[in-house]
Amino acid sequence: DRVYGIDIFNKVPIEKRFLIDHHDRNRQELEVLSQNKFINPKSCSTCEIIASFLLNKKHKISNDIMYNLYLGMASDTFCFQRSVTSDSLRIANILVSDKQERNNIKDKLLKMNLEQEKLYKLIKENKRFEKDGIRMFNLSVPIEMGDITKLLKHPSFDSLTAPIESCPISIFIIEIENNYFIKFKKIDNCDIDILKLAIACNGGGHSNRCAGRFYKTSYDEVIKKIINEYGNITKGK
């Protein structure tokens, strides 16, 4: 729904719609038959859910598909550095059993390409909200760069915009022509419910990493909405 739009999704006959996701919040707007829903927030990625389904059903999976499912799991977890379970690792090792090949994939994923380097240098930090325990970052993306989802998967983006002890929450705002995609993160011992914040910003996700979005607005309006909602959530803490 975030990539193609709900209008296109709704044009597909309902019996042919499938919802596969490792996020379990804010999916009420998607009309899907119950037997076509595969949602598991314990999975590290959507690719893990697909791989688990195929393996459990004992489907024959081609090497190419196994490789790409592994790649999806690796890219969504920064090479299995976060949000993984023992089951995630077990499935990953089935998909790509050769250790050297896994290391080769890791090396490729950790290498920044030219487009990623351009984006990385455009990120700016807004220190205005440090007193509130928030690290704030923003990135204005030239429209000609197109879909930057894959470019932002690199671990360097995650480490640069990560929360720290003195600022347990980080907010990364990405702007593309007055449309905003917002990433929320917090450290493990922070008790502030950032998922509520993401949902208030038209998003959802995990309890410690989630996202929101706004369309056709301004940076100032996005900041205002986030800070107002943050104040409501932290009131009394």
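1. In this note, contact means that heavy atoms lie within 4.5 Å of one another, and packing is meant in that sense. The structure is a predicted model, and the points below should be read with this in mind.

2. Helix α9 is a good place to begin, with its buried residues, which pack against β4 (134–140), β5 (169–176), β6 (179–186), α8 (194–200) and β8 (209–214). The residues of α9 that are buried are V222, I223, I226, E229, Y230, I233 and T234. Because these buried residues fall within an arc of 140° when α9 is seen down its axis, they line one face of the helix. As for the length of α9, which covers residues 219–234, its 16 residues should span 22 Å at 1.5 Å a residue, and this agrees with the 22 Å that separates its end C-alpha atoms.

3. Some of the strands that α9 packs against are also paired with one another. Strands β5 and β6 run antiparallel and are joined by eight bridges, with F172 standing opposite K183 in β6. The two strands form a hairpin that has two residues between them, and in its turn E177 has a positive phi of about 50°. Strand β6 also pairs with β8, again in the antiparallel sense, over six bridges, and here F181 has R213 in β8 as its bridge partner.

4. A second helix to look at is α2, in which E48, I49, A51 and L54 are buried. The buried residues of α2 pack against β1 (19–21), β2, α3 and α4. Just after this helix comes K58, a residue that takes a positive phi of about 60°.

5. What does S43, in the loop between β2 and α2, touch beyond its neighbours within four places in sequence? With those neighbours left aside, S43 is in contact with H22, E48 and I49, and of these contacts E48 and I49 are among the buried residues of α2. S43 itself counts as buried, because its relative accessibility is 5% and buried means under 20%.

6. The structure holds three aromatic pairs, of which two are described here. One is formed by F38 and F53, an edge-to-face pair with 5.3 Å from centre to centre and 70° between the planes. This pair links distant parts of the chain, since F38 is in strand β2 (residues 37–39) and F53 in helix α2 (residues 46–56), 15 residues apart. F38 counts as partly exposed at 25% relative accessibility, and F53 is likewise partly exposed, with a relative accessible area of 35%. Another pair is that of Y70 and F80, which is tilted, with 5.4 Å from centre to centre and 50° between the planes. Y70 lies in helix α3 (residues 63–76) and F80 in the loop between α3 and α4 (86–95), so this pair ties together parts that are 10 residues apart in sequence. Both Y70 and F80 are buried.

7. Helix α3 also holds L71, which is partly exposed, with a relative accessible area of 27%. Leaving aside its neighbours within four places in sequence, L71 is in contact with I105 and L109. How far apart in space are L71 and G212? From C-alpha to C-alpha the separation of L71 and G212 is 25 Å, and in sequence they are 141 residues apart.

Technical notes
Residues are numbered from 1 along each chain as its sequence is written. This is a predicted model: local features need pLDDT of at least 70, side-chain atom pairs count only at pLDDT 80 or more; totals for chains, interfaces and linings use all residues. Side-chain values use heavy atoms; hydrogens and water are left out. Helices (H or I, at least four residues) and strands (E, at least two) are DSSP runs, numbered from the N terminus. The expected span of a helix is 1.5 Å times one less than its number of residues. Buried means under 20% relative accessible area, exposed over 50%, partly exposed in between (1.4 Å probe, protein chains only). The arc is that of the directions from the helix axis to the C-beta atoms. Rings of Phe, Tyr and Trp (its six-membered ring) pair if their centres lie within 6.5 Å; planes under 30 degrees apart count as stacked, over 60 as edge-to-face and the rest as tilted. Two strands pair if DSSP finds at least two bridges between them.
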